[in-house]
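Biologist: Please take a close look at one part of this model for me. I would like the strand pairing and the turns walked through step by step.

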Amino acid sequence: MAATEKVVKTLRKQRSDAADLQGKCFGRLMVSRLYARGRRTFWLCSCSCGNKNFKTQTNNLVSGKTKSCGCLRQEKPKDKPNRLLPYEERKRPNSRGTKNKEYLVFLKKQKKVCAICRKPETTKHSTGKIRSLALDHDPKTGKNRGLLCRRCNTGLGLFFDNKKSLSRAIKYLGG
Ligand SMILES: [Zn+2]
Ligand SMILES: [Zn+2]
């Protein structure tokens, strides 16, 4: 019986916490309601970026650890290195500048699909939001080439942007 009592106590404690956070704001997040999964409780939050389905625990909000659905963290590191490229080629100017004029021109030209597979992006961020197509650039000239989905971009990266290897791969596949 002691165990049951403990659960009841925890639940009661969580309920009292519940009254505390609902409607409150933490950075970009606004707590909409309590979300219970098993014995653990989460807070369903809406983020100012438009994500209304972000869940986090009381501690993360109160301690200030979580201030957004993850969008804040994605915006901060501007020159996130592409770990798939060799060290010298890692710098990717404007790679995160989705508001970038050139990006929008490419987006219109490519009709919002990847320049290689001609399909829209399908991979998601950890937050559940679908990624935007990546602005791909020539590592030698630094010039932007077009927009690629994550799969194709990774594929190119794995070939280290080596045209000879790529064309050999196509021949190898019988193309
Ligand atoms: Zn957000
Ligand atoms: Zn693609």
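**Strand 3 and its partners**

Modeller: Three bridges join strand 3 to strand 4, and the two run antiparallel. Strand 4 covers residues 54–56. Keep in mind that the model is predicted. Within this pairing, Leu44 stands opposite Lys55 in strand 4. The link between the two strands is a hairpin with six residues between them. Gly50 sits in that turn, with a positive phi of about 115 degrees.

Now look at the other pairing of strand 3. Strand 2, residues 29–37, pairs with strand 3, residues 40–47. The sense is again antiparallel, over eight bridges. Here Arg33 stands opposite Leu44 in strand 3. Leu44 therefore turns up in both pairings: Arg33 faces it from strand 2, and Lys55 faces it from strand 4. Strand 2 and strand 3 also form a hairpin, this one with two residues between the strands. Gly38 takes a positive phi there, near 65 degrees.Then the setting. The protein chain has six helices and six strands. From the N terminus on, its elements run α-β-β-β-β-α-α-α-β-β-α-α. The chain holds 175 residues, and 15% of them count as buried. As for contacts between residues at least 6 apart in sequence, 41% join residues at least 24 apart.

Conventions:
Residues numbered from 1 in each chain as written. Chains lettered and ligands numbered in written order. Predicted model: local features only at pLDDT ≥ 70, side-chain atom pairs only at ≥ 80, totals over all residues. Helix = DSSP H or I, 4+ residues; strand = E, 2+ residues; numbered from the N terminus. Buried ≥ 20, exposed ≤ 12 C-beta atoms within 10 Å, placed from the backbone. Contact = placed C-beta atoms within 7 Å. Pairing = 2+ DSSP bridges.
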